Every structure is written in structure tokens, then in C-alpha cells.
Amino acid sequence: MTLDLKITGGLVYDGEGGEPRRADIGIKDGLIAEIGESVGDAAEEIDADGAIVTPGFLDVHSHYDGQASWDPVLQPSVNHGVTTAVMGSCGVGFAPVKPADHQRLIELMEGVEDIPGVALAEGMNWDWESFPEYMDALERQDRTINIAAQVTHDPIRVFVMGERAVHSEPATDEDIAKMRALTREAMEAGAVGFSTGRTDVHRTAKGDWTPSSEATIKELTGIGSALDGLGHGVLQAVSDFDLERDANAFDSEFDVIEAYAKSSGGKPFSLSLMQRDFAPDQWLKIIDRSEKLKSDGVDAHFQVAPRGIGVFLGLQCTFHPLMAHPSYQKIADKPLAERVEIMRDPEFKARLLSETPVKLAGPGSSAPPLADLLIENIEFVAMKLFKLGDDPDYEQPAENALGAQAKAEGVSVWEKLYDTVLEDDGKALIYFPIYNYTEMNYENVLKMMRHPQAILGLSDGGAHVGTICDASFPTYLLSYWARDRERGDRIALERAVQMLTADLADYLGMKDRGRLKTGLRADINVIDQEALGLKPPRMVKDLPAGGQRLLQDARGYRATLVGGQAVILNDAVTDARPGKLVRMGR
């Protein structure tokens with residue numbers, strides 16, 4: 001047998017957390033055919049001498065639901081070793097949908113996940129109504145990497161309840177029965193799971209609560225029971241536990257989450273976990289309740305991130321500190337170059353800095369109240385605002401913060417921020433680790449990642465495109481945590497690989513990937529571990545209708561294979577489009 005491809009001379013990390021071994025890997029018909037000191041002849045060869053070889057990475061928390069229907073490349077995930085991305089997180093998605101609700105779902109995705117509505121409106125062709133039809137549409141699109149879809153709460157609720165879904169009305173027994181039936185239909189069509197969103201930060205583009213955010217225990221457990229009896233499926237949830245409205249509501253809100261997690265007949269469950277400055281101990285409460293869930297027999301996990309959940313602020317971004325100043329609002333719609341020219345006028349600068357910021361949140365605005373709270377507390381917030389540099393540093397000491405620099409230079413925080421956003425002709429980006437950086441280090445992040453119920457997630461690939469670029473998490477985990485970190489403990493490389501591969505495949509029930517073993521899919525990374533690293537995020541305008549998004553390039557990926565075909569060679573995307581839609585239970 002002549003192999004299609006072989007990878008030679010690499011140090012193989014099989015994904016199970018054990019010691020690596022030097023071996024060759026032979027690939028035939030998209031599968032791993034041989035692993036050993038020497039494999040047979042092959043039509044093509046990749047030299048992995050001096051490199052590590054790992055399974056392709058999985059991402060359990062992305063938002064490519066719209067983008068996957070038109071985009072064959074799926075950046076930035078493909079640039080960071082991801083070979084399978086699960087979308088449909090946080091309860092937002094695009095199926096099932098009635099034609100009259102297209103715009104409603106676009107406004108939901110735009111408000112919740114900061115994906116330009118005009119890009120979604122132009123990019124999607126809406127050649128589906130039911131979830132099975134949506135899956136069929138996804139299957140028709142060629143793409144670089146594999147995708148899997150969760151069925152999502154918001155569109156299910158809108159499909160069944162119409163206008164009542166967006167007015168925080170409780171679902172009737174009949175509504176719940178219909179939502180359960182639609183969820184079951186989606187799961188039987190191959191959906192990987194069901195997700196819901198219960199966070200006050202998530203709003204529609206018009207500033208309204210999301211349809212699923214106020215769902216009752218009865219509704220959530222009724223829908224979750226649709227997974228009972230199936231051979232596959234996961235439940236996922238995001239919640240801030242009513243933090244903005246009632247800081248004492250944690251236990252009652254977790255009771256809702258707990259009932260939902262128990263409703264599926266034993267399926268795996270995951271909940272987002274992060275440390276919030278305004279409730280710095282809440283993450284510990286989530287862990288405590290999740291441990292109790294586990295002891296009750298629920299396969300409970302929490303999704304954690306390997307760094308701060310950070311937003312980028314700048315004149316090109318969705319948010320920046322000056323956007324609430326009346327003088328800036330008068331020029332906000334002008335092209336970047338014109339805004340920069342105006343802002344360089346000393347008189348304009350003096351006028352703006354003399355103003356009091358106005359409220360951003362409220363009726364008709366998608367800006368969450370948190371945005372106003374941050375601007376009101378800018379003196380405090382500026383102590384967590386950083387410039388990342390050309391070699392991005394996400395774990396910087398307090399003295400590097402722009403607030404500390406302003407104090408050292410004897411200028412106001414507002415003036416320092418004003419001057420910073422004008423750097424690089426207005427293209428400068430300010431990094432704000434809004435979550436996971438309360439103590440100005442990553443010790444709590446490390447505690448989260450080391451917890452036995454933790455799984456790596458929260459990359460939000462495809463979402464928050466004007467503020468966040470966390471799809472680079474895999475590259476960061478392998479380069480910073482497994483090699484570079486000096487401010488504390490590191491994570492062993494074999495464990496880091498396992499966190500990105502087998503752990504996630506096991507959670508999802510995907511038995512054909514996540515490990516380097518004969519007979520499994522040839523989704524593989526060949527990585528120059530010494531050279532591996534991140535480049536600074538950059539804003540590009542390549543979405544439909546001229547929409548913009550943040551991308552972050554990586555270095556060190558000699559090859560990323562999907563089904564045995566190279567979709568990345570020497571850090572560049574190739575023309576190969578072997579990615580498949582994963583249909584669970586098929």
C-alpha cells in the first residue's frame with residue numbers, strides 16, 4: 001500500500017497526556033494508517049524534524065453560525081491549529097427560522113456577539129428554514145476545517161413564540177412541547193448539543209434582553225429533556241447570574257442552571273467560568289456548585305480560558321473610551337483618516353477633554369450598562385489598560401498599565417487614552433482584560449485550568465469581531481503556558497496538547513478525532529514549538545458589505561492537516577477545502 005502522505009521525524013504528542021515519542025505517521029484516505037519508527041512509501045511527505053506533531057485542536061465555543069454559510073476559510077481559527085470548531089454557543093444562532101424573522105435573528109447575533117448586521121444580511125442566503133435544512137446548507141459549503149453545530153435557544157424560542165419570545169413572556173406548556181420537538185429534530189439531524197444564554201451583558205442590537213435570558217426552569221428542563229435517550233449530545237450555558245440586576249440572586253439562578261443540567265438524561269454539561277472584577281469571588285461559587293453537581297451524578301464541566309477575556313479598544317473598534325464624549329460622537333461616522341485629522345487639532349482635543357461623557361446604554365442601544373460603568377470608573381479601569389506590543393504580552397504588571405503611565409507622566413488618564421488611540425494613525429489597539437485579571441496576574445486562571453472539571457473553551461471564534469480576538473487561545477496556550485511564562489507555574493506541553501484535543505473530543509463524544517491513533521481522522525498539526533507565537537491583532541475589512549473584524553496571525557505552524565490535506569503550510573492558508581460538517585449520531 002502506498003500512503004497518500006507521511007509525516008517524518010517529528011516528536012509525536014498523541015493527545016492523551018503521556019510522554020511524546022519520535023515517530024513517523026502515515027496517512028491514507030484521510031485517516032491515520034500507520035504510526036511507527038518508519039512507515040511505508042508515500043506520494044507526499046512533510047518533514048517534521050525539529051517539530052512536534054499533535055492531533056488537530058478542537059474548539060467547543062465558537063460563533064461561526066452565519067460565517068460558515070458563506071466563508072470557506074474560517075479565520076482566525078484555522079490559523080491556530082483548530083481542525084474542528086463547534087458553533088452555536090450562548091444560545092444564539094440562525095435555525096430554525098421563519099422568513100419574517102431573518103432580521104430579528106441578525107439583530108440578536110449583532111447585539112450579542114458583535115458581528116456586523118450588514119455583513120450577516122449580505123453574506124447569508126437563508127436557503128433553510130428548519131434546523132435539518134440548515135445542516136444541509138452547511139454541508140454544501142466547502143471549507144478549510146470541520147464544523148459542528150449546536151441547536152440554539154433564541155431561534156427555537158422565536159420560531160415557536162414569535163413576538164412573545166422577545167417580550168420576556170413565559171412559555172406555555174404547548175410552547176415548551178414544540179421547542180422540545182424542534183430540539184429533538186435538530187439532534188437527530190446531527191446537532192452536537194443545545195445551548196442557552198442567560199447573561200445581562202448580552203443584548204440585541206436594539207438593546208433588548210435576549211429571548212432565552214428569562215426562560216423558566218420549566219422551559220429549560222423541557223427543552224433539555226429532548227436529549228434524553230439519545231446516544232450523543234451536550235448541554236451548554238452562559239450566565240452572569242443576574243449580576244447587573246441583583247447581586248444576591250446567584251443561588252436562585254444556579255438552581256435554574258442545575259435543573260437544566262440534570263434534564264438531559266446524563267449528557268455532559270458545561271458552563272462558562274471567568275473571574276469578574278465586580279464579583280471577584282463568584283467564580284469560586286460556580287466551582288463549588290459545579291462540584292456538587294458532579295457529586296450528584298451530573299457530568300458537569302466549566303469552560304475556561306487560558307488568559308484574560310480581553311477586549312480591544314480603539315478608533316477602529318466597536319468600543320473605545322472616548323466614544324461617550326459629545327465632541328467625538330459628532331465625528332464618529334466619519335472615515336478613520338478624517339477622525340484622526342480632526343482629533344489631532346489641539347483645540348478639538350481640549351474641548352473633548354473638558355466634556356463629561358454621556359450615557360451609552362439605554363433604550364435602542366446595544367451597549368450594555370457595563371460600558372457606562374467602565375467609563376464612569378475610567379481612573380480605575382485605566383489601571384488595567386495595556387498596549388500589547390509587537391510580541392503580544394497578555395500578562396503584564398500593573399506598572400505597565402496606561403493609568404500608571406499617565407500618573408508617572410503627570411497627565412490625566414483621559415489625555416493618555418486620547419493620545420494612545422491616535423497612535424499608528426488611529427489604528428492603535430488598547431487591550432483591556434475585562435475578566436480574569438482582577439489580581440493583575442494569571443494565578444486564578446491557572447487554578448481554573450487545573451481543576452478536574454475544567455475544559456478549555458470561550459474562544460468566541462467568529463464573534464465579537466470588533467472587540468475580541470481570542471480564537472488565538474490554542475497558540476497562546478502552547479507558546480506562553482507551555483514555554484514562556486515566567487510569572488508563575490507553567491503547564492506541561494503534553495498536558496496543554498491534551499487540553500486542546502482529547503479532553504474536548506471526549507466531552508463532545510467525538511471518538512474519531514482528538515488523538516493520534518491508527519484508524520482515526522488525519523486531523524494533525526506539525527508545529528515548530530520553539531518558533532510558535534502570536535503576532536499583534538489587526539483590523540481588516542474583509543467581511544461582506546465591507547464589514548471589519550480583528551484577526552491575529554500566528555507563526556510556527558509548519559502544517560495543519562484536515563482529513564490528511566494541508567489547510568495550513570508554513571503559517572499560510574492553502575487552497576485545500578477538506579473540512580466537513582460533523583453530524584453526531586450518524
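The legends below accompany close-up views of a predicted model.

**View 1. Helix α7 and the elements around its buried face.**
Helix α7 covers residues 250–262, and its end C-alpha atoms lie 18 Å apart, which agrees with the 18 Å that its 13 residues should span at 1.5 Å a residue. The residues of α7 that are buried are Phe250, Glu253, Phe254, Val256, Ile257, Glu258, Tyr260 and Ala261. An α-helix has 3.6 residues a turn, so residues three or four places apart point the same way. The buried residues of α7 pack against two helices, α6 (217–224) and α8 (282–295), and against the strands β9 (193–198), β10 (234–239) and β11 (269–272).

**View 2. A network of salt bridges that includes Glu258.**
Asp251, Asp255, Glu258, Lys262, Arg289 and Asp296 are linked to one another in a network of salt bridges. Of these residues, Glu258 is also listed among the buried residues of α7. Side chains of opposite charge can pair when their charged atoms come close, and the structure as a whole holds 40 salt bridges.

**View 3. The salt bridge between Asp419 and Lys349.**
Asp419 and Lys349 form a salt bridge in which the closest N and O atoms are 2.8 Å apart. Asp419 belongs to helix α15 (residues 413–421) and Lys349 to helix α11 (residues 346–353), so the pair ties together parts that are 70 residues apart in sequence. With a relative accessible area of 35%, Asp419 is partly exposed, whereas Lys349, with a relative accessible area of 18%, is buried.

**View 4. Two further salt bridges, Lys359 with Glu376 and Asp299 with Lys294.**
In the salt bridge that Lys359 forms with Glu376, the closest N and O atoms are 2.4 Å apart. Lys359 lies in the loop between α11 and α12 (369–376), while Glu376 lies in helix α12, so this pair ties together parts that are 17 residues apart in sequence. Lys359 is exposed, its relative accessible area being 57%, and Glu376 is partly exposed, with a value of 48%. The side chains of Asp299 and Lys294 also meet in a salt bridge, at 3.3 Å from N to O. Asp299 is partly exposed at a relative accessible area of 28%, and Lys294 likewise counts as partly exposed, at 38%.

**View 5. Strand β7 and its parallel partners.**
In strand β7 (residues 82–87), 6 of the 6 residues are buried, so the strand is largely enclosed by the rest of the structure. Strand β6 (residues 57–59) runs parallel to β7 and is joined to it by 3 bridges, with Phe57 having Val82 of β7 as its bridge partner. Strand β8 (residues 146–152) also runs parallel to β7, and 4 bridges join these two strands. Within β8, Ala148 stands opposite Val86.

**View 6. Helix α18 and its covered residues.**
Helix α18 (residues 473–484) is mostly covered, since 11 of its 12 residues are buried. Among the buried residues of α18 are the aromatic side chains of Phe473, Tyr476, Tyr480 and Trp481, together with Arg483.

**View 7. The second largest pocket and its lining.**
The second largest pocket holds about 310 Å³ of space. Its lining is made up of 15 residues, and those that lie nearest the centre of the pocket are Gly389, Lys427, Ala428, Leu429 and Pro536. Helix α16 (423–426) and strand β18 (538–540) each supply at least two residues of this lining.

Key
Residues numbered from 1 in each chain as written. Predicted model: local features only at pLDDT ≥ 70, side-chain atom pairs only at ≥ 80, totals over all residues. Heavy atoms only, no water. Buried < 20%, exposed > 50% of the residue type's maximum accessible area, 1.4 Å probe, protein only. Expected span 1.5 Å × (residues − 1). Contact = heavy atoms within 4.5 Å. Salt bridge = Lys/Arg side-chain N within 4 Å of Asp/Glu carboxyl O. Pairing = 2+ DSSP bridges. 1 Å grid on protein atoms, 1.4 Å probe; cavity = no way out; pocket = protein on both sides within 12 Å on 5 of 7 lines; lining within 4 Å. Points joined across faces, edges and corners; volume = space filled by probe spheres on them.
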